[in-house]
Amino acid sequence: MNRRELFKQALGVGAAAIAVTRLSGQSSGSSYNGPAGGSRGSQLVTVLAGPFDTSQQPNGVAPLTAVPQYATYLRIQAHPGQEGKIAIGGPGMASTTGSIADSTFLELWPNYDASFDNGRSDTWIFSDPKWLNTIDLSQIYVYPEIAGETPIVTAFQLV
Amino acid sequence: MTVLTPWAASGPFPVSGAPAPLATSSTLVNQLSVKPRLGQWSKVLIGGPNLGTDESNAMAILYPVPNGGQADAFEVQDQGGQNTIDLSQIYVYATIPGDTPMVEAFGYQTV
């Protein structure tokens with residue numbers, strides 16, 4: 001078993017563990033879940049966390065949530081040990097033909113062996129400056145350059 | 001309701017030969033980030049309308065990220081929660097023609 005196969009096997013185990021404890025933002029289906037856009041609650045709640053898998057999508061591009069979920073803070077991190085760049089963008093990514101990476105607004109560099117930046121992983125953090133729930137997670141799309149890789153996604157709502 | 005929405009033209013920004021404004025007409029956003037594109041070799045200059053290719057009047061100069069590591073970045077956000085950053089007044093220049101710095105911007109919209 002080579003290194004890539006080992007990663008794949010390990011990731012499979014991780015995904016199974018996550019499926020047992022889904023957070024509200026990770027629930028599938030079309031029901032609305034969470035506070036309205038622009039609101040501001042008093043308790044910070046995690047609605048997305050863990051490795052984010054896009055492999056079920058035909059082109060490997062997936063929105064963070066299937067239905068609108070308004071978050072106040074979003075963090076996407078290249079998964080340490082994985083080898084592909086992570087592309088992040090808007091809804092235009094979903095229907096892109098040709099180079100998906102050219103339709104993104106951000107790329108994260110992989111951190112496959114901790115040899116750069118003292119081992120820190122490239123990370124995109126985006127938050128509302130007034131702590132309002134204004135980031136629609138269903139409008140943020142993610143594309144791992146290598147199929148099956150899983151960036152680490154965390155999102156918070158104030159409820 | 002109010003939502004922070006990605007600017008439609010966010011993405012790789014082609015620069016050829018001279019500093020170029022991010023938008024050709026007034027476009028107000030809340031947050032802006034400019035990064036060298038991973039794997040490209042240009043230094044990226046950011047400034048106002050008087051930005052020079054010799055780095056004069058640059059408000060930021062970003063090193064390229066040709067071979068790994070976190071990208072250098074210029075980031076600005078209105079902490080008051082308003083759309084106050086006019087993209088037509090932000091100019092970008094890449095030292096290698098054809099390189100495409102990554103531009104990301106979000107603005108408040110009422111939907």
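The following exchange examines a predicted model of chains A and B and the grounds for several structural assignments.

Me: What makes the pair Asp102(A) and Arg37(B) a salt bridge?

Reply: The closest N and O atoms of the two side chains lie 3.0 Å apart. The rule asks for a side-chain nitrogen of Lys or Arg within 4 Å of a carboxyl oxygen of Asp or Glu, so the pair qualifies. The count between chain B and chain A is 2 salt bridges.

Me: Why is the pair Glu107(A) and Lys85(A) also called a salt bridge?

Reply: Its closest N and O atoms are 3.9 Å apart, and the cut-off is 4 Å, so the pair is accepted. Glu107(A) belongs to strand β6 of chain A, while Lys85(A) sits in the loop between β4 (73-77) and β5 of chain A; the pair therefore ties together parts 22 residues apart in sequence. Over all chains the rule yields 4 salt bridges.

Me: How do you know that chain B and chain A form an interface, and how much area do they bury between them?

Reply: Contact requires heavy atoms within 4.5 Å, and 31 residues of chain B are in contact with 31 residues of chain A. Between them the chains bury about 2400 Å², with 59% of this on carbon and sulfur atoms. The size of an interface is often expressed as the accessible area lost when the parts come together. There are also 8 residue pairs in polar contact across the interface, both residues being at pLDDT 80 or more.

Me: Which strands of chain B each supply at least two residues of the side that touches chain A?

Reply: These are β1 (2-6), β2 (11-12), β5 (31-35) and β11 (102-110) of chain B. The most is given by β11(B), with 5 residues. On the side of chain B that touches chain A, 13 residues are nonpolar, 14 polar and 4 charged.

Me: What makes β1(A) and β10(A) paired strands?

Reply: Pairing requires at least two bridges. Strand β1(A) is joined to β10 (residues 152-158) of chain A by 4 bridges, and the two run antiparallel; the pair therefore meets the criterion. Leu48(A) stands opposite Ala155(A) in β10(A).

Me: Why are β1 and β7 of chain A called edge strands?

Reply: The open sheet has 4 strands in the order β1-β10-β4-β7 (chain A), with antiparallel pairing. Both β1 (44-48) and β7 (123-127) of chain A pair on one side only. Neighbouring strands of this sheet are turned by 15 degrees against each other on average, direction ignored.

Me: How do you know that β5(A) and β9(A) are paired?

Reply: Strand β5 (residues 86-89) and strand β9 (residues 141-144) of chain A share 4 bridges in the antiparallel sense, and two suffice, so they pair. Ala87(A) has Tyr143(A) as its bridge partner in β9(A). Both strands belong to an open sheet of 4 strands in the order β2-β9-β5-β6 (chain A). Its edge strands are β2 (62-63) and β6 (106-108) of chain A.

Me: What does Gly17(B) touch, not counting residues up to four places away in sequence?

Reply: Gly17(B) touches Thr53(B) and Tyr93(B) on that count. This glycine, Gly17(B), lies in the loop between β2 and β3 (20-21) of chain B. Gly17(B) and Gly48(B) are 31 residues apart in sequence and 16 Å apart in space, C-alpha to C-alpha.

Methods
Residues numbered from 1 in each chain as written. Chains lettered and ligands numbered in written order. Predicted model: local features only at pLDDT ≥ 70, side-chain atom pairs only at ≥ 80, totals over all residues. Heavy atoms only, no water. Buried area = accessible area lost by both parts, 1.4 Å probe. Polar contact = N/O pair within 3.5 Å; in protein donor to acceptor, adjacent residues only side chain to side chain. Nonpolar A, V, L, I, M, F, W, Y, C, P; charged D, E, K, R; others polar. Axes fitted to C-alpha atoms, helices over the stretch in contact; angles between N-to-C directions.
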